[in-house]
Amino acid sequence: MRSADRVNRRRFMAGAATVAAVSVVSRHVLGGPAHQPPSSKLNVAGVGIGGKGYGDIRSVPTENVVALCDVDRGFVARAAKHFPKAKTYADFRKMLQTEKDIDAVMVATPDHLHAVVSMMAIKMGKHVFCQKPLTHSVHEALALAEAAGKAKVATQMGNQGQAGEGARLVSELIWDGAIGRVREIHAWSNRTRRISARGIPRPKDTPPVPETLDWDLWLGPAPVRPYHPCYLPFRWRGWWDFGTGVLGDIGCHELSAAFKALKLGHPVTVEACSSNDQEGPEIANETAPVSSVVTYKFAAEGDRPPITLTWYDGGMMPPVPDELEPGRSLGRGDGTLIVGDKGKILGHRLIPEARQKEYGKPPQKLPRSPGHYKEWLDACKGGKPAGSDFANHAGHLTGVVLLGNIAIRTQKKLCWDGKNRRFTNSDEANRFLNPPYRKGWTL
């Protein structure tokens, strides 16, 4: 190789190295969330990486995973094998204060920690992906939506179905008049008590805390109580101090498409009935009920008539529609039925199936999604907002869903003033809107 060629090659390689270095630089160097170049890689941190969070953080392989945080050292160790260059932490607050180059945070903790982790990240100008439900309380949902909008960061709630073809078909069928004007929405889930503990009192025994677990950090803003394996992993969903029951767990999945299609605002009333194998405050104050039916009433708006939305769980189901073929059921798992004055949609298809085949596909009016995680990554790099961003969809959807839990806990018909974010007929219900954090924790 000639001398001049060697010099030119060195210059080229040096330039390439510089480009590579720029491609992974934090957006904080580049000037804020709106200035992340589309071709660059985000520096991503994961908080809560034991279950769903482990899958979430591995779903962004195009980016740099620079930090991992979990209150269980066992989960951290497992994730660190997949991301050996990432820094590891038990306390998300220390992680965010220490790792200045983090661009985006993925949150998959238990529900009661969603808001405090997400809000801290948002206040620091970081993009946030947070699993559903977005928050543990109504107040937190509305506060996160407002904060994300002001901060102009890219956000996405983890209700992946909203990015699918089915969610778009629901809107397009309704907008095309396939079922006429919508009058009712029915949604359900039959999560078993094995994975969502319900209808049980607080345990009285106090087994030792596992060696790998920081129980105090796991509790976070929740009231102090002794450790017990009935809370974690995963079964925390049914305990009111940590989770949001079946409605909070699945409602943001099943109701997202209908909320978007019908542009649902705030309900005017919400009421519930529920049942347990055993009754008493020692059960009702601790865990979600074994089964429940929650009814939301939405007033007419514009040319849209009033709508009744009914949620069912624990084996409760809506009446089988006449249009359903003989021998065909509504399904045993999760589902949604949307009722119009000219037809019905089960899932994302008209019923009966013969009607769907006759009707065919509605005219396409919505762009298709590149994928739930890709929506968020694109938004982080200056693209359009993700489909379940906090400010425009997830915060409102979560807030309305969680109103139903307050109706379950009070067993009253509640009148909701969406503008002023309060119930007009129950001080007891208003106390559930924003439960206090324990000392040392703030939103």
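This report describes a predicted model, covering a sheet, the helices across it, the salt bridges and three buried residues.

## The sheet

An open sheet is formed by 9 strands. Their order is E13-E12-E11-E7-E10-E9-E8-E14-E15, and the pairing is mixed. At the edges lie strand E13 (349-351) and strand E15 (422-423), each of which pairs on one side only. Strands of a sheet pair through backbone hydrogen bonds, and the pairing can be parallel or antiparallel.

Strand E8 (residues 269-275) can be followed to the strands on either side of it in the order. With strand E9 (residues 291-298), E8 runs antiparallel, and 7 bridges join the two. Alanine 272 stands opposite valine 294 in E9, and serine 275 has serine 291 in E9 as its bridge partner. E8 also pairs with E14, again in the antiparallel sense, over 2 bridges. Here valine 270 has leucine 414 in E14 as its bridge partner.

## Helices across the sheet

Helix H8 (residues 165-175) lies across four strands: strand E7 (182-189), strand E11 (335-340), strand E12 (344-346) and E13. The helix runs at about 175° to E12. One of the strands under H8, E13, is an edge strand of the sheet.

Helix H15 (residues 390-410) lies across E8, E9, strand E14 (414-417) and E15. The angle between H15 and E9 is about 125°.

## Salt bridges

Side chains of opposite charge can pair when their charged atoms come close. The count for this model comes to 21 salt bridges. Three of them are described here.

Lysine 361 and glutamate 165 meet through their side chains in a salt bridge, at 3.3 Å from N to O. This pair links distant parts of the chain, 196 residues apart. Lysine 361 is in the loop between helix H13 (353-359) and helix H14 (372-380), while glutamate 165 is in helix H8. Lysine 361 counts as exposed because its relative accessibility is 62%. Glutamate 165 has a relative accessible area of 32%, so it is partly exposed. Both residues belong to a network of salt bridges that links Glu165, Glu172, Lys361 and Arg368.

Arginine 438 and aspartate 216 form another salt bridge between side chains, at 3.0 Å from N to O. This pair also links distant parts of the chain, 222 residues apart: arginine 438 is in the segment after helix H16 (427-431), and aspartate 216 is in helix H9 (residues 215-219). Arginine 438 counts as buried because its relative accessibility is 17%. Aspartate 216 is partly exposed, with a relative accessible area of 44%. In a third salt bridge, the side chains of aspartate 249 and arginine 237 meet at 3.0 Å, N to O. Aspartate 249 lies in helix H10 (residues 245-254) and arginine 237 in the loop between H9 and H10, so the pair ties together parts that are 12 residues apart in sequence. Both aspartate 249 and arginine 237 are buried.

## A buried aspartate without a salt bridge

Aspartate 56 lies in helix H3 (residues 52-57). This residue is buried, yet has no salt bridge. The nearest side chain of opposite charge is that of lysine 52, 4.2 Å away. A salt bridge needs the nitrogen and the oxygen within 4 Å, so a distance of 4.2 Å does not qualify.

The side chain of aspartate 56 does make a polar contact, at 2.5 Å, with the side chain of tyrosine 373. Leaving out residues up to four places away in sequence, aspartate 56 touches Met106, Ala108, Phe129, Gln131, Gln160 and Tyr373.

## Two buried loop residues

Threonine 109 sits in the loop between strand E4 (104-107) and helix H6 (111-123). Its relative accessibility is 9%, so threonine 109 counts as buried. Not counting residues up to four places away in sequence, threonine 109 touches Val47, Gly48, His114 and Trp236.

Glutamate 99 is in the loop between helix H5 (92-98) and E4. This residue counts as buried because its relative accessibility is 10%. Beyond its neighbours within four places in sequence, glutamate 99 is in contact with Ala67, Lys87 and Tyr89. The C-alpha atoms of glutamate 99 and valine 66 are separated by 8.5 Å, with the two residues 33 residues apart along the chain.

Conventions. Residues are numbered from 1 along each chain as its sequence is written. This is a predicted model: local features need pLDDT of at least 70, side-chain atom pairs count only at pLDDT 80 or more; totals for chains, interfaces and linings use all residues. Side-chain values use heavy atoms; hydrogens and water are left out. Buried means under 20% relative accessible area, exposed over 50%, partly exposed in between (1.4 Å probe, protein chains only). Lys and Arg count as positive and Asp and Glu as negative; His and the chain ends are not counted. A polar contact is a pair of N or O atoms within 3.5 Å; within protein, one must be able to donate a hydrogen and the other to accept it, and residues adjacent in sequence count only if both atoms are side-chain atoms. Contact means heavy atoms within 4.5 Å. Two strands pair if DSSP finds at least two bridges between them. Axes are lines fitted to C-alpha atoms, for helices over the stretch in contact, and angles run from 0 to 180 degrees between N-to-C directions.
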